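This report walks through one protein model with a bound ligand. The sequence and the structure come next.

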Amino acid sequence: MSHPTKITFFKRFMTDIQNGAKTITIRDFSESHYRVSSIVDVYALEDQSYIGKIKVLAVKPINFDELNEKHALQENMTLCELQSVIRDIYPGIEQLFVIEFELV
Ligand SMILES: CC(=O)Nc1ccn([C@@H]2O[C@H](CO)[C@@H](O)[C@H]2O)c(=O)n1
């Protein structure tokens, strides 16, 4: 399987991505196959509008109950908000992956 070269985010997170306040995203296994150092095109989920490019810096497995304040800071959220967002998007999934990125 080749590595994906595209990622989608909800529109409500785009400002934080574009101004550098959000530097990670947390995904499930199906969206964990990004190659470190690859350049990935970013699109909005709702209308597939093109946002820009990010470089993948790291992909690390994490359990839901290991999420901490540092991850929340990297998401520009409180830990409580982050847990709630992830529970909404990935209900019942414990095995997650932190994808660290920078804008290019
Ligand atoms: C659009 C799509 O396909 N999937 C996702 C999945 C996650 N996220 C965001 O990543 C962080 C941790 O999950 C939070 O900020 C989430 O809101 C997102 O924007 N879009």
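A residue is called buried if 20 or more other C-beta atoms lie within 10 Å of its own, exposed if 12 or fewer, and partly exposed in between, with C-beta atoms placed from the backbone. The model is predicted: local features need pLDDT of at least 70, side-chain atom pairs count only at pLDDT 80 or more, and totals for chains, interfaces and linings use all residues. Residues are numbered from 1 along each chain as its sequence is written.

**Annotated sites**

The UniProt annotation "active site", from an unreviewed entry, covers K22, T25 and E75. These residues span 54 residues in sequence, yet no two of their C-alpha atoms are more than 7.9 Å apart, so they gather at one spot. UniProt positions are given here in the numbering of this model, feature names are shortened, and annotations may be inferred rather than shown by experiment. The unreviewed UniProt entry also carries "domain: ASCH", which covers residues 7-104. Over residues 7-104 the chain is 23% helix and 37% strand. The end C-alpha atoms of this stretch are 14 Å apart. Helices (H or I, at least four residues) and strands (E, at least two) are DSSP runs, numbered from the N terminus.

Is E75 buried or exposed? E75 is buried, because 23 other C-beta atoms lie within 10 Å. E75 is found in helix α2, residues 69-75. K22 lies in the loop between α1 (14-18) and β2. K22 has 19 other C-beta atoms within 10 Å, so K22 is partly exposed.

Contacts tie these two residues together. Two residues are in contact if their C-beta atoms, placed from the backbone, lie within 7 Å. Residues up to four places away in sequence are not counted in the contacts of K22, which touches F13, D16, I17, E75 and N76. With residues up to four places away in sequence again left out, E75 touches K22, I24 and L82.

**Ligand shell**

Which residues surround the ligand? They are T8, F9, F10, F13, T25, I26, R27, L45, E75, V85, I86 and I89. A residue counts as near the ligand if its C-beta atom, placed from the backbone, lies within 6 Å of it. β1 (6-9), β2 (24-27) and α3 (79-89) each supply at least two residues of the shell. By class, the shell has 8 nonpolar, 2 polar and 2 charged residues. Here Ala, Val, Leu, Ile, Met, Phe, Trp, Tyr, Cys and Pro count as nonpolar, Asp, Glu, Lys and Arg as charged, and the others, Gly among them, as polar.

**The sheet**

5 strands form an open sheet in the order β1-β3-β4-β5-β2, with mixed pairing. The edge strands are β1 and β2, and each pairs on one side only. Neighbouring strands of this sheet are turned by 45° against each other on average, direction ignored. For such angles, axes are lines fitted to C-alpha atoms, for helices over the stretch in contact, and angles run from 0 to 180 degrees between N-to-C directions. Two strands pair if DSSP finds at least two bridges between them.

β3 (residues 39-44) and β4 (residues 50-63) pair in the antiparallel sense over 5 bridges. D41 has K53 in β4 as its bridge partner. β4 also pairs with β5 (residues 95-103), in the antiparallel sense over 9 bridges. I62 stands opposite L96 in β5.

G52 sits in strand β4. G52 is exposed, because 12 other C-beta atoms lie within 10 Å. G52 touches V42 and L103, not counting residues up to four places away in sequence. The C-alpha atoms of G52 and L103 are separated by 8.0 Å, with the two residues 51 residues apart along the chain.

**Positive phi**

Most residues other than glycine have a negative phi. The table sets out two residues that are not glycine and have a positive phi.

| Residue | Phi | Place | Other C-beta atoms within 10 Å |
|---|---|---|---|
| S37 | about 80° | loop between β2 and β3 | 9, exposed |
| N76 | about 55° | loop between α2 and α3 | 18, partly exposed |

Q48 also takes a positive phi, near 60°, in the hairpin of β3 and β4, which has 5 residues between the strands. N76 is also among the residues that K22 touches, not counting residues up to four places away in sequence.
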